[in-house]
Structures are given as structure tokens and as C-alpha cells.
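This report goes through one protein structure, from a helix pair to a ligand shell and a few individual residues. Please keep the sequence and the model in view while reading.

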Amino acid sequence: MHLGDCVEVTKRLPDESVDLSVFSPPFPGMYTYSNSVRDIGNAKGIDDLMAHFAFLAPELLRVTKPGRSAFVHLTQYVAHINSDGFAGLKDFRGRTIEMMQEAGWRYYGEITIDKNPQVKAIRTKDRRPAVQDARDRFEHDARRLARLGTSLPQGRREPEPD
Ligand SMILES: C[S@@+](CC[C@H](N)C(=O)[O-])C[C@H]1O[C@@H](n2cnc3c(N)ncnc32)[C@H](O)[C@@H]1O
């Protein structure tokens, strides 16, 4: 087990020695994780954060065995009126994919994790009304169900209840 700045620690690891990395980078503008200048979460904005994060990506690739993966868990950057001039989202996901590709990684795929919209809105101080989130979520689920329905054999009937 290693404890330290991930950039410095990863630099000390031998080439092609890691099978899988799973990590969650700091989400820009959302939390204060520590008071260290080494903390990527203490960046001034998303550009600053990406510049700091970019020190890790090539080292991570160097230590990863050929053909193996890094799983990066993240969320989109919530933009705030005071600091960003608008309330909405910035594409932290896209920036991360782009930055890792520039370091030599290949983008392979992704999984979306649904979260309770009201809890998320309260935690992230998202200004979008929770009811709008709930409606988006309902429509999303309805579309998924509709796709499932169209993939069932045509004319199939539901079984009669016992
Ligand atoms: C989104 S949190 C994820 C935390 C962790 N995955 C967990 O579940 O406890 C990001 C974490 O990365 C840490 N971090 C930021 N910069 C770092 C660095 N250079 N080296 C190591 N950890 C760092 C932050 O302090 C924060 O704890």
C-alpha cells in the first residue's frame, strides 16, 4: 500500500506493473477535499484542474500493463452563477476523456450511474428544480422501457394471472 501524492507515487512505480486502476478524481468546484497544494481538487477552475490531472495520465499509462484498463469515476462539473456566470453543467467527462487520450489512452466505453435527483440537487446546490430532474429521469426510464418493449417478439401476450 502506498500513501502520498498520486502523481509522485505513480512516478516511482515500475513500468507495466498495474493490472487495473479504479479512481475518482476530484470534481471541479464541488468539494474541498484537503488544504494541500498537491490536491487536484484545489485547482482554480476546470482548466487548472485538467492541467494538474494531466501530470497523472501519462504516468498511469506507463505503469499499466499493455491492454489493461483504468476505470475513472466522475460527475459533470456543476457551473454556478457566481463563479461561472451561468447555472448549468460543464463537460468534465469530455475533458477527462480528451486529456487521457492526449496522454495515449484509448477511450473504450462508459456506464452511467443514476442517482436520486433530489439528493444530488441538495448536495451539489444544483439550481435546477428537483422536479425537473425527476421528470427527466422518468422520461429517460420510459424511453428505455419503450426500447425494451419494441425488442419483444411481436404479438407476444402477457401471461394470464393465476
Ligand atoms: C472524488 S474524491 C474520491 C475519493 C475516494 N475515491 C474515496 O472514495 O474515498 C477525490 C480524492 O482525490 C484526492 N486527491 C486529490 N489530489 C490528489 C493527489 N495529487 N494525490 C492523491 N489524492 C489526491 C482528494 O483529496 C479526494 O480525497
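A crossing of two helices is called left-handed if the near helix is turned anticlockwise from the far one by less than a right angle, and right-handed if it is turned clockwise; by this convention the crossing of H2 and H5 is right-handed. The contact is made by Ile46, Met50 and Phe53 of H2 together with Phe92, Arg95 and Met99 of H5, where two residues are in contact if their C-beta atoms, placed from the backbone, lie within 7 Å. These residues divide into five nonpolar, no polar and one charged, with Ala, Val, Leu, Ile, Met, Phe, Trp, Tyr, Cys and Pro counted as nonpolar, Asp, Glu, Lys and Arg as charged, and the others, Gly among them, as polar.

The model is a predicted one, in which local features need pLDDT of at least 70 and side-chain atom pairs count only at pLDDT 80 or more, while totals for chains, interfaces and linings use all residues. Residues are numbered from 1 along each chain as its sequence is written.

The protein has seven helices and four strands, taken as DSSP runs numbered from the N terminus (helices H or I, at least four residues; strands E, at least two). Along the sequence they follow the pattern α-β-α-α-β-β-α-β-α-α-α.

The ligand is surrounded by Asp5, Cys6, Val7, Ser24, Pro26, Phe27, Tyr33, Ser34, Arg38, Asp39, Ile40 and Gly41, a residue being near a molecule if its C-beta atom, placed from the backbone, lies within 6 Å of it. This shell divides into six nonpolar, three polar and three charged residues.

Two residues can be set side by side by their surroundings, where a residue is buried if 20 or more other C-beta atoms, placed from the backbone, lie within 10 Å of its own, exposed if 12 or fewer, and partly exposed in between.

| Residue | C-beta neighbours within 10 Å | Class |
|---|---|---|
| Glu16 | 13 C-beta neighbours | partly exposed |
| Val63 | 18 other C-beta atoms | partly exposed |

Glu16 lies in the loop between helix H1 (6-12) and strand S1 (18-23), and has a positive phi of about 45° although it is not a glycine. Val63, in helix H3 (residues 56-63), has its C-alpha atom 4.3 Å from that of Asp15, although the two are 48 residues apart along the chain. Apart from neighbours within four places in sequence, Val63 is in contact with Thr10, Leu13, Pro14, Asp15, Glu16, Ser17 and Val18.
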